[in-house]
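Please open the model in a viewer and keep the sequence panel visible. The tour below proceeds by selections, each followed by a description of what is found there.

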Amino acid sequence: MSCRRLLSLALILAVFTLPALAVAPGSPAPDFKGTDSNGVQHSLSQYKGKFVVLEWANKGCPYDQKHYLSGSMANLQKEWTAKGVIWLSVISSAPGEQGYVTPAEENTYLKTMHAAPTAVLLDPTGAIGRLYEAKTTPHMFVIDPAGKLIYQGAIDNKPTTDQADLKGADNYLNNALNAAMAGKPVAVESTRPYGCSVKYAH
């Protein structure tokens, strides 16, 4: 076999073996069903026609604590839900792992943090998390009214646990929602998420 054919074969294999996002920006976001901390079932399809934010959370993670203890996450939730955005926090921590909570524990935490998502989906089997390949807490996804993913990745450009870094951070979530709601293209559709790894069941 010629060197050129070997190179072509190697390139083809590389293309097919490169890791790819399960949900790439621009593609339809996969539907899911999940039960929230109040026992209510939610599906992505029921929110067609609205912007949806998915936020992977873990109250034991210091990166997540940065956004919750500062009030930053609660403020974002209140700001965007007031504008009609559906905000679903998702907890994919397995039983016995960091961040796992019972429904009652999560509802207490929400009150303590003055958090205001539309709902918190408890995903102890990791089914929703694996569907979206959620990697960290936080890991953010934004879905447009047509059901298309328009952003996935970090919440901002300051991958630290320091609350002081929230000041002056470039918030990718805000940027995506502001642009999309104004009918403009999202400038940054994908970034590398930062935080603690999602504590999936083994």
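Begin with Pro 138, which is located in the loop between β6 (136-137) and β7 (140-143). The model is a predicted one. Display the backbone at this loop: the peptide bond that leads from Thr 137 to Pro 138 is cis, and its omega is near 0°.

Next, select His 67, one of the residues that Pro 138 touches. His 67 belongs to helix α2. Is His 67 buried or exposed? With a relative accessible area of 1%, His 67 is buried, because the limit for that class is under 20%. Leaving aside residues up to four places away in sequence, show the other partners of His 67 as sticks: Ser 72, Met 73, Ile 155, Asp 156, Leu 166 and Tyr 194 accompany Pro 138 in the list of contacts.

Remain in the same region of the sequence and select Tyr 68 together with Tyr 109. The rings form a tilted aromatic pair, with 5.9 Å from centre to centre and 45° between the planes. Tyr 68 is in helix α2 (residues 62-69) and Tyr 109 is in helix α4 (residues 103-113), so the pair ties together parts that lie 41 residues apart in sequence. Tyr 68 and Tyr 109 are both buried. The model contains 7 aromatic pairs. For a further view of aromatic side chains, select Phe 32, Trp 56, Tyr 132 and Phe 141, which form one aromatic cluster.

Now colour two helices, α3 (residues 72-81) and α6 (residues 172-181). Their axes come within 12 Å and cross at roughly 10°. Angles under 35 degrees count as roughly parallel, and therefore α3 is roughly parallel to α6. On the α3 side, the contact is made by Leu 76, Glu 79 and Trp 80; on the α6 side, by Leu 173, Asn 174, Leu 177, Asn 178 and Met 181. Sorted by class, the residues of this contact are 5 nonpolar, 2 polar and 1 charged.

Keep Trp 80 on display and add Lys 83. The charged end of Lys 83 sits over the ring of Trp 80, at 4.4 Å from the ring centre.

Then select Val 85, in the loop between α3 and β4 (86-91). Val 85 has a relative accessible area of 2% and is buried. Residues up to four places away in sequence excluded, Val 85 touches Trp 80, Leu 177 and Met 181, and also Phe 51, Val 53 and Thr 118. A distance label between the C-alpha atoms of Val 85 and Lys 50 should read 6.4 Å, although these residues are 35 apart along the chain.

Two backbone positions merit a separate selection. His 114, in the loop between α4 and β5 (119-122), has a positive phi of about 55° although it is not a glycine. His 114 counts as exposed, at 56% relative accessibility. Glu 133 is placed in the loop between α5 (127-132) and β6, and its phi, near 55°, is likewise positive in a residue other than glycine. At 30% relative accessibility, Glu 133 counts as partly exposed.

Finally, return to a view of the whole chain. How many helices and strands does the protein chain have? There are 6 helices and 9 strands. Of its 202 residues, 45% count as buried. Among contacts between residues at least 6 apart in sequence, 75% join residues at least 24 apart.

Technical notes. Residues are numbered from 1 along each chain as its sequence is written. This is a predicted model: local features need pLDDT of at least 70, side-chain atom pairs count only at pLDDT 80 or more; totals for chains, interfaces and linings use all residues. Side-chain values use heavy atoms; hydrogens and water are left out. Rings of Phe, Tyr and Trp (its six-membered ring) pair if their centres lie within 6.5 Å; planes under 30 degrees apart count as stacked, over 60 as edge-to-face and the rest as tilted. Helices (H or I, at least four residues) and strands (E, at least two) are DSSP runs, numbered from the N terminus. Buried means under 20% relative accessible area, exposed over 50%, partly exposed in between (1.4 Å probe, protein chains only). A charge sits over a ring if NZ of Lys or CZ of Arg is within 6 Å of the ring centre and within 35 degrees of the ring normal. Axes are lines fitted to C-alpha atoms, for helices over the stretch in contact, and angles run from 0 to 180 degrees between N-to-C directions. Angles under 35 degrees count as roughly parallel, over 145 as roughly antiparallel, 65 to 115 as roughly perpendicular and the rest as oblique. Contact means heavy atoms within 4.5 Å. Ala, Val, Leu, Ile, Met, Phe, Trp, Tyr, Cys and Pro count as nonpolar, Asp, Glu, Lys and Arg as charged, and the others, Gly among them, as polar.
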